[in-house]
Amino acid sequence: MGIRGLGVAVRRYGKFSPLSGDTVVIDGPALVHRVYTGCMRQRPRTSSFICHPSYATLARMVIGWLDELQKYDVKV
């Protein structure tokens, strides 16, 4: 997802700092991709087939992630 090499190209212009009190814009498809891959990493290793999380599970995880940001005073 995204533009190959963009992160590396713009990293030198960024700075690492706490997000508390800031307003952020989140790329929706990238967020869902990130949550989806997190779900896939949590599936049992003994599973011989690829199990896909339901939309309800993905929605709960995305909402939980956004709620966690709000706990740290980040406005989305």
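Colleague: Is Asp73 buried, partly exposed or exposed?
Modeller: This is a predicted model, and the class rests on computed accessibility. Buried would need under 20% relative accessible area, and exposed over 50%. Asp73 has 41%, so the class is partly exposed.

Colleague: Which residue forms a salt bridge with Asp73?
Modeller: The cut-off is 4 Å between a side-chain nitrogen and a carboxyl oxygen. The closest N and O atoms of this pair are 3.6 Å apart. The partner has a relative accessible area of 41% and is partly exposed. It is Lys75.

Colleague: What phi does Asp73 take?
Modeller: Asp73 comes just after helix α3. That helix covers residues 55-71. The phi of Asp73 is positive, about 60°.

Colleague: How many salt bridges does a search of the whole structure find?
Modeller: Side chains of opposite charge can pair when their charged atoms come close. One pair is Lys75 with Asp73. Another is Glu68 with Lys71, at 3.4 Å from N to O. The search finds 2.

Colleague: Where do Glu68 and Lys71 lie?
Modeller: An α-helix has 3.6 residues a turn, so residues three or four places apart point the same way. Glu68 and Lys71 are 3 residues apart, about one turn. Glu68 is partly exposed at 36%, while Lys71 is exposed at 64%. Both lie in helix α3.

Colleague: What should the 17 residues of α3 span?
Modeller: The rise is 1.5 Å a residue. The end C-alpha atoms of α3 are 24 Å apart, which agrees with the expected span. That span is 24 Å.

Colleague: Within what arc do the buried residues of α3 fall?
Modeller: The buried residues of α3 are Leu58, Val62 and Leu69. Seen down the axis, they line one face of the helix, because they fall within an arc of 30°.

Colleague: Which residues are exposed on the other side of α3?
Modeller: Leu58, Val62 and Leu69 are the buried ones. Exposed residues need over 50% relative accessible area. On the other side, the exposed residues are Arg60, Ile63, Gln70 and Lys71.

Colleague: Which residues make up the largest nonpolar core?
Modeller: In soluble globular proteins, nonpolar side chains tend to be buried together. This core has 5 residues in all. They are Leu31, Val35, Cys39, Leu58 and Val62.

Colleague: Which element gives the most to this core?
Modeller: Both α2 and α3 give two or more residues to the core of Leu31, Val35, Cys39, Leu58 and Val62. What covers the buried residues of α3 includes α2 (28-42). With 3 residues, the element giving the most to this core is α2.

Colleague: What is Leu31 in contact with, leaving aside its neighbours within four places in sequence?
Modeller: Leu31 is one of the residues in the largest nonpolar core. Contact needs heavy atoms within 4.5 Å. On that basis, the partners of Leu31 are Ile26, Val62, Trp65 and Leu66.

Colleague: What separates the C-alpha atoms of Val32 and Ala59?
Modeller: Val32 sits in helix α2 and is partly exposed at 40%. Along the chain, Val32 and Ala59 are 27 residues apart. Their C-alpha atoms are separated by 8.7 Å.

Colleague: What share of the contacts with a separation of 6 or more comes from residues 24 or more positions apart?
Modeller: The chain has 3 helices and 0 strands. Along the sequence, the pattern is α-α-α. The share from residues 24 or more positions apart is 64%.

Methods
Residues numbered from 1 in each chain as written. Predicted model: local features only at pLDDT ≥ 70, side-chain atom pairs only at ≥ 80, totals over all residues. Heavy atoms only, no water. Helix = DSSP H or I, 4+ residues; strand = E, 2+ residues; numbered from the N terminus. Expected span 1.5 Å × (residues − 1). Buried < 20%, exposed > 50% of the residue type's maximum accessible area, 1.4 Å probe, protein only. Arc of directions from axis to C-beta. Core = buried A, V, L, I, M, F, W, Y, C linked by side-chain atoms within 4.5 Å.
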